[in-house]
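Colleague: Please take one stretch of this model and go through it slowly, from the way it is built to the residues around it. I would also like to hear about the parts of the chain that help to put it in context.

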Amino acid sequence: MKIIKTISELKENRMSSKSFPLGLVPTMGALHEGHLSLAHSAIAACPEIIVSIFVNPTQFNDKNDLEKYPRTMEKDKDLLGTVLRKNDIIFAPEVHEIYPEEDKRKFSFGNLDNVMEALHRPGHFNGVAQIVSKLFSITEPDIAFFGMKDFQQLAVIKDLVRQMNSRIQIVSCPIIRENDGLAMSSRNALLEKHVREKAPVIFKTISEAAGMITSKDIPEIREFVAHKINSIRDFNVEYFEIADDVELIPVNAKRNMIPGRKYYCCIAVKAGKIRLIDNIEISVKM
């Protein structure tokens, strides 16, 4: 694999390569098996891939969160070295390389800007759009791979591609979980021990909630989720919604669910000092 830190070197490298399709796996580092699963999917589909490692400052609405975000570049390189091929690239630029000047672009994503994560992290998805659009412009991929754990982000990126009138194919990859069910996340390493031990309750609870849709209406399901998780010390539900995977409009009653659409239970939980998100598809056909 090759490690590249500048845009000019990356462009020069790409000019000498005729590989098609080119895959892109954007990451913020602190890599784990979930990221490796994205790389594996990209490698299976593309003769050459780029894995970017960049902690993007513009998507953090809390500067303390930005400062605490884990940075493990050497470990990340070693981990990627176990899966990447000789011609694959790690693109690991510094902040000044990506943002030589302030990015003042503003994006609009309709309803996606007004629900769930957007309500609790103002400006987050604008920052996501800034960095993803920059990475698309810099790397010029044919296919980009993103994980389903960031459910709303995936919908935002698909809309971004539409707005850019781009031909980049967005591939969504399944959530990779720990043995106890907790969705893999770079933030899991920051959990206090007693919090980490209880964290599997999040996936267990939304799994139960997804199965309740046949017998309970949504207000009852929402109450069940809040009660079960909030009753655990240091755990607090920020939101729990049932939404479709296109417009992400939360539904408040089963009668409002549209036949033929896919619906997901989506949740954000403050677990101790760390914020965790997860989702699961509702498999029952409405």
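Modeller: Contact, in what follows, means heavy atoms within 4.5 Å. This is a predicted model, in which local features need pLDDT of at least 70 and side-chain atom pairs count only at pLDDT 80 or more, while totals for chains, interfaces and linings use all residues. Residues are numbered from 1 along each chain as its sequence is written, and side-chain values rest on heavy atoms, with hydrogens and water left out.

The part I have chosen is helix H7, which runs through residues 124–139. Helices (H or I, at least four residues) and strands (E, at least two) are DSSP runs, numbered from the N terminus. H7 has 16 residues and covers 22 Å between its first and last C-alpha, close to the 22 Å expected at 1.5 Å a residue, where the expected span is 1.5 Å times one less than the number of residues. The helix is mostly covered, in that 14 of its 16 residues are buried; a residue is called buried under 20% relative accessible area, exposed over 50% and partly exposed in between, with a 1.4 Å probe and protein chains only.

His124 belongs to H7, and it counts as buried because its relative accessibility is 5%. Although 65 residues separate His124 from Gln59 along the chain, their C-alpha atoms are 4.4 Å apart. Once neighbours within four places in sequence are set aside, His124 is in contact with Gln59 and also with Gln153.

Within the same helix sits Val132, again a buried residue, because its relative accessible area is 5%. With neighbours up to four places away not counted, Val132 touches Phe146, Ile157 and Leu160. The C-alpha of Val132 lies 9.7 Å from that of Asn56, a residue 76 places away along the chain.

What follows H7, and what is the sign of its phi? The helix is followed by Glu140, with a positive phi near 50°, in a residue other than glycine. Most residues other than glycine have a negative phi, and most peptide bonds are trans. Glu140 lies in the loop that joins H7 to strand S5 (143–147), and because its relative accessible area is 55%, it is exposed.

Asn165 makes a useful companion to that residue. Asn165, too, is not a glycine and has a positive phi, of about 55°; its place is the loop between helix H8 (151–163) and S6. With a relative accessibility of 70%, Asn165 counts as exposed. A further backbone feature concerns a peptide bond, since the one from Phe20 to Pro21 is cis, with omega near -5°. Pro21 is part of the loop between helix H1 (7–15) and strand S2 (22–27).

Another residue to look at is Glu117, which is found in helix H6 (residues 117–120). Is this charged-looking site buried or exposed? Glu117 is buried, because its relative accessible area is 5%. Apart from residues up to four places away in sequence, Glu117 touches Phe125, Gln152, Tyr239, Ala268, Arg275 and Ile277.

Two loop residues complete the picture. Asn188 is placed in the loop between strand S6 (169–173) and helix H9 (193–198), where it counts as buried because its relative accessibility is 10%. The residues that Asn188 touches, not counting those up to four places away in sequence, are Glu178, Leu182, Ala183 and Leu276. Lys254, by contrast, stands in the loop between strand S7 (235–244) and strand S8 (263–271), and it is partly exposed because its relative accessible area is 23%. Between Lys254 and Ile213 there are 7.9 Å in space, C-alpha to C-alpha, for a separation of 41 residues in sequence.

To return to the helix itself, H7 is a run of 16 residues that is mostly covered, with buried His124 and buried Val132 among its residues, and it is followed by Glu140, whose phi is positive.
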